[in-house]
Amino acid sequence: MPSLASIAEQELSQLEQQHRRRYIVSVEQYGVYCHKDGKKLLSFASNDYFGLAQHKEVKQAAIDATSRYGAGAGASRLLSGNYPLYETLEAELAEYKRTEAACVFGSGYLANLGVISHLAGPRDLVICDKLSHACIYDGIRTTKALWKRFRHNDTKHLDYILRKMRDHYRRCFIITESVFSMDGDCAPLQEMTQLAKDHDAWVIVDDAHGLSIVPHHPGVDLTIGTLSKGLGSYGGYVAGPQSVIDWIKSKARSLIYSTALPPAAIGASLKSLTLLRQEPQRVDRVMRSARLFCSQMGLPHPTSPIVPYRVGSEPDALGLSQQLEEEGVYAPCIRPPTVPPGTSRLRLSFSYNHTLTHVNQLIRTLHNAYDSHLIHAA
Ligand SMILES: *Cc1c(COP(=O)(O)O)cnc(C)c1O
């Protein structure tokens with residue numbers, strides 16, 4: 001019998017041949033720059049859209065929370081891990097999302113997993129957007145519900161599935177993202193919530209990339225989000241009606257059987273949320289950069305700080321990303337299975353800390369790389 005190590009080696013070389021092997025490299029972030037492989041790069045790779053992860057006051061809040069409550073929480077929130085900052089953050093998240101209550105999880109991934117697996121049961125129907133994030137699929141797969149996918153942002157297709165199938169199931173959940181993580185486009189929440197009403201279904205929206213970008217939609221039943229992107233900290237949450245949140249707190253396994261977050265993460269999240277509410281110019285500025293880039297590159301008007309630059313094949317996208325890196329710009333390449341085959345791309349994310357000079361440097365570098373490599377963007 002071959003050893004586990006030799007099986008792994010075989011699998012890895014196959015991934016390498018398919019241009020699908022992934023490497024985790026050490027990256028040190030400072031402002032909009034990062035050190036990667038010993039090289040200083042202008043980064044368009046971070047989801048810290050509003051520049052809060054490196055903010056002085058946010059870092060200080062993390063230090064203060066650590067000093068007061070310790071480096072770790074020591075236990076699950078349901079035992080002794082629920083130090084007082086949790087309650088404050090949950091109240092503020094609920095208020096910000098205009099819902100009655102919120103529950104903080106260990107991460108956005110754990111929130112999706114815990115909420116979906118708790119809510120959907122054997123006689124239920126779950127319908128999600130085809131481009132939903134991996135953790136939505138993972139949540140759905142842990143349930144015994146029947147699940148269907150509708151074509152990306154296609155409410156006609158969603159309506160078709162609802163008409164055909166809704167009546168045969170007990171409860172029905174429609175799941176989508178407010179801002180899609182790899183495409184940067186937004187879900188048509190108005191139409192979707194109307195369809196949900198018409199067909200007696202509930203809408204769950206993953207707002208991981210939409211915080212402060214997409215306004216809360218009153219027809220949405222539950223919002224799932226992360227503290228790890230726009231808020232520059234770590235953790236996840238779900239926001240909705242009080243009774244639903246209480247029910248989740250009693251049942252969601254990824255909440256109950258996992259240790260509470262380190263106090264630093266909650267302290268930092270609280271400060272970030274305060275800053276974001278006080279300084280709406282953070283949002284305006286990041287959108288200005290995305291708009292400048294798109295108009296200069298002839299791309300569609302952006303609706304979020306995420307802009308996909310589609311290339312097509314995996315080697316072409318990898319090649320372009322590597323060439324940009326040689327020129328001092330970090331624009332990560334996203335490949336299948338994260339995105340559908342043939343749509344490999346650079347995923348650019350803009351930040352509050354990018355100046356117009358930084359955006360122009362990206363445009364210039366991309367033009368140069370493009371000319372020398374004769375890569376055709378789709
Ligand atoms: C990043 C992401 C998550 C996971 O959030 P984490 O806090 O990083 O675990 C969930 N959903 C979407 C759409 C995401 O992009």
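**Cavities, pockets and side-chain pairs in the predicted model**

Strand β4 (101-105) and helix α9 (253-256) each supply at least two residues of the lining of the second largest cavity. The model is a predicted one, and this cavity has a volume of about 60 Å³. Its walls are made by R77, Y86, V104, F105, G106, S254, L255, S258, T259, A260 and L261. Sorted by class, that lining comes out as six nonpolar, four polar and one charged residue. R77 turns up again among the charged pairs, where R77, E90 and K249 are linked in a network of salt bridges.

The count of cavities of 30 Å³ or more comes to three. At about 80 Å³, the largest cavity is bordered by K97, S178, L189, V205, D207, V214, P215, H216, H217, V220 and T223. Its lining breaks down into five nonpolar, four polar and two charged residues.

Now for the open spaces. The largest pocket holds about 1,200 Å³ of space. Lining it are 33 residues, and Y23, Y330, P332, C333 and R335 are the ones that lie nearest the centre of this pocket. Two or more residues of the lining come from each of α1 (4-17), β1 (27-30), α12 (314-326) and β13 (333-334). Of the elements involved, α12 gives the most, with four residues. The classes in this lining are twelve nonpolar, eleven polar and ten charged residues.

The second largest pocket contains about 440 Å³ of space. There are 21 residues along its lining, and the closest to the centre are L131, S132, P337, T338 and V339. Here helix α5 (residues 134-141) is the element that gives the most, with four residues. By class, the lining of the second largest pocket has ten nonpolar, four polar and seven charged residues.

On to the charged pairs. The structure has 16 salt bridges. In one of them, R151 pairs with D154, and the closest N and O atoms are 3.3 Å apart. A little further along the chain, D159 and R163 form another, with an N to O distance of 3.0 Å. These two residues are four apart in helix α6 (residues 155-165), so about one helical turn separates D159 from R163. The two ends of this bridge sit in contrasting surroundings: D159 is buried, because its relative accessibility of 16% falls under the 20% limit, whereas R163 is exposed at 59%.

The bridge between R166 and D200, at 3.8 Å from N to O, reaches across the sequence. R166 lies in the loop between α6 and β7 (172-177), while D200 lies in the loop between α7 (189-198) and β8 (202-206), so this pair ties together parts that are 34 residues apart in sequence. R166 is buried, with a relative accessible area of 7%, but its partner D200 is exposed, with a relative accessible area of 53%.

What about the cysteines? A search of the whole structure turns up zero disulfides. C103 takes part in none, and the nearest cysteine sulfur, that of C135, is 15 Å away. C103 counts as buried, because its relative accessibility is 0%. For C186, the closest cysteine sulfur belongs to C294 and is 13 Å from its own, so the two are too far apart for a bond; the cut-off for a disulfide is 2.5 Å between the sulfur atoms. C186 counts as partly exposed, with a relative accessibility of 25%.

Finally, A61 offers an example of a contact between parts separated in sequence. A61 lies in helix α2 (residues 56-69) and, with a relative accessibility of 13%, counts as buried. Leaving aside residues up to four places away in sequence, A61 touches G267, A268 and K271. S269 is 208 residues from A61 along the chain, yet the C-alpha atoms of A61 and S269 are separated by 8.7 Å.

Definitions and conventions. Residues are numbered from 1 along each chain as its sequence is written. This is a predicted model: local features need pLDDT of at least 70, side-chain atom pairs count only at pLDDT 80 or more; totals for chains, interfaces and linings use all residues. Side-chain values use heavy atoms; hydrogens and water are left out. Buried means under 20% relative accessible area, exposed over 50%, partly exposed in between (1.4 Å probe, protein chains only). A salt bridge is a side-chain nitrogen of Lys or Arg within 4 Å of a carboxyl oxygen of Asp or Glu. Contact means heavy atoms within 4.5 Å. On a 1 Å grid over the protein atoms alone, a cavity is a set of points where a 1.4 Å probe fits but cannot get out, and a pocket is an open set with protein on both sides within 12 Å along at least five of seven lines; lining residues have an atom within 4 Å of a point. Grid points are joined across faces, edges and corners, and a volume is the space filled by probe spheres set on the points. Ala, Val, Leu, Ile, Met, Phe, Trp, Tyr, Cys and Pro count as nonpolar, Asp, Glu, Lys and Arg as charged, and the others, Gly among them, as polar.
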